[in-house]
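Visitor: I'd like to go through this one label by label and hear what backs each of them up. Can you show me what we're talking about?

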Amino acid sequence: MSGVMKRMGMIFRAKANKALDRAEDPRETLDYSYQKQLELLQKVRRGVADVATSRKRLELQLNQLQNQSTKLEDQGRKALALGREDLAREALSRRASLQQQVTDLDTQHTTLQGEEEKLTLAAQRLQAKVDAFRTKKETIKATYTAAQAQTRIGEAFSGISEEMGDVGMAIQRAEDKTAQLQARAGAIDELLASGALEDSSGLAKDDIQTELDRLSGGTDVELELQRMKAELAGGSAAKPAIEGGTGQGQSQSQPQDTPRFDKQ
């Protein structure tokens, strides 16, 4: 049972991997990676901005503490000039406490400044990496698109693509069906000519009847031609006779005797 489950799991993973491979588009993967790098670069930039903001706030606090320290020093000097040593001691004591705060803030400021420089350098390097990746991404995408187009053109010319394969199969089926119909029509003509099949419409003729019709048609044409020749010859002979009879009637004023026909 354990072996069967392992085999089923392996088959499932193999089919899933094959399906993912067919569905994966390298161009989409590159665009997604580039988008993730841009998001990371944006986070680094926000981190640099946050550190810079903290550093600026420390600088403002340092300036305030330094101003207070200077003020307390002036107050102690004035109190000592007026003979108020107690006030001068209090002012100097407060100033010493401020100096400790200034020292702590200065240490934090130095640390933040170092972090800011590191993040700024990291952001610059990441920016350069993203720019280089973008250039490479576009190059790979263009190369992949060109290779894909070239492959499709090659498949179309060779007829191994799915679309061209379907067209080729349709053409082959049409040619096979046409050849089958032509063969069937030829076979029927041969059977009708041989008399194995009868034409129920009565329109089909055998070879003997066809030859008789051809000879009969030719004879009719010859007879018609002879008749027309005879008519033309008879018309040419009758015309001079008519012209001669008309002249004789004009020259003779006496009537002619009626001709007699002897009985045989």
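Visitor: Why is Arg-84 called partly exposed?

Guide: Its relative accessible area is 41%. Buried means under 20% relative accessible area, exposed means over 50%, and partly exposed is in between (1.4 Å probe, protein chains only). So Arg-84, at 41%, lands in the partly exposed class. Before we go on: this is a predicted model, where local features need pLDDT of at least 70 and side-chain atom pairs count only at pLDDT 80 or more, while totals for chains, interfaces and linings use all residues. Residues are numbered from 1 along each chain as its sequence is written, and side-chain values use heavy atoms, with hydrogens and water left out.

Visitor: What makes Asp-86 and Arg-84 a salt bridge?

Guide: A salt bridge is a side-chain nitrogen of Lys or Arg within 4 Å of a carboxyl oxygen of Asp or Glu. Here the N to O distance is 3.2 Å, so the pair qualifies. Asp-86 is partly exposed as well, with a relative accessible area of 42%. By this rule the count comes to 16 salt bridges.

Visitor: Why do such pairs turn up in general?

Guide: Because side chains of opposite charge can pair when their charged atoms come close.

Visitor: How do you know which elements the protein chain has?

Guide: From DSSP runs: helices are H or I over at least four residues, strands are E over at least two, and both are numbered from the N terminus. That gives 5 helices and 0 strands, and the order from the N terminus reads α-α-α-α-α.

Visitor: Why is the salt bridge of Lys-141 and Asp-31 said to tie parts of the chain together?

Guide: Because Lys-141 lies in helix H3 and Asp-31 in helix H2, 110 residues apart in sequence. Their side chains meet at 3.2 Å, N to O. Lys-141 is buried with a relative accessible area of 18%, whereas Asp-31 is partly exposed at 31%.

Visitor: And what makes Lys-137 count as buried?

Guide: Its relative accessibility is 4%, so it falls in the buried class. Lys-137 sits in helix H3 and touches Leu-30, Asp-31 and Tyr-34, leaving aside residues up to four places away in sequence; contact here means heavy atoms within 4.5 Å. Lys-137 also forms a salt bridge with Glu-138, with the closest N and O atoms 2.5 Å apart. Glu-138 is partly exposed, at 41%. Asp-31, Lys-137, Glu-138 and Lys-141 are linked in a network of salt bridges.

Visitor: How do you know that the charged end of Lys-137 sits over the ring of Tyr-34?

Guide: The rule wants NZ of Lys or CZ of Arg within 6 Å of the ring centre and within 35 degrees of the ring normal. The charged end of Lys-137 is 5.0 Å from the centre of the Tyr-34 ring, and it counts as sitting over that ring. Tyr-34 itself is buried, with a relative accessible area of 13%.

Visitor: How many aromatic pairs are there?

Guide: The count comes to 1 aromatic pair. It's Tyr-34 with Phe-133, a stacked pair at 6.5 Å centre to centre, with 15 degrees between the planes. Tyr-34 is in helix H2 and Phe-133 in helix H3 (residues 85-158), 99 residues apart, so this pair links distant parts of the chain too.

Visitor: What makes that pair stacked?

Guide: Rings of Phe, Tyr and Trp (its six-membered ring) pair if their centres lie within 6.5 Å; planes under 30 degrees apart count as stacked, over 60 as edge-to-face and the rest as tilted. With 15 degrees between the planes, Tyr-34 and Phe-133 come out as stacked.

Visitor: Where is the predictor's confidence lowest and highest among the elements?

Guide: pLDDT is the predictor's confidence in each residue, from 0 to 100. Helix H5 (residues 207-251) has the lowest mean, 64, and helix H2 (residues 26-81) the highest, 88. For the protein chain the mean is 76, and 67% of residues reach 70 or more. Over residues 245-264 pLDDT stays under 50, and the model has 1 contact there beyond four places in sequence.

Visitor: How many of the residues count as buried?

Guide: Of the 264 residues of the protein chain, 12% count as buried.
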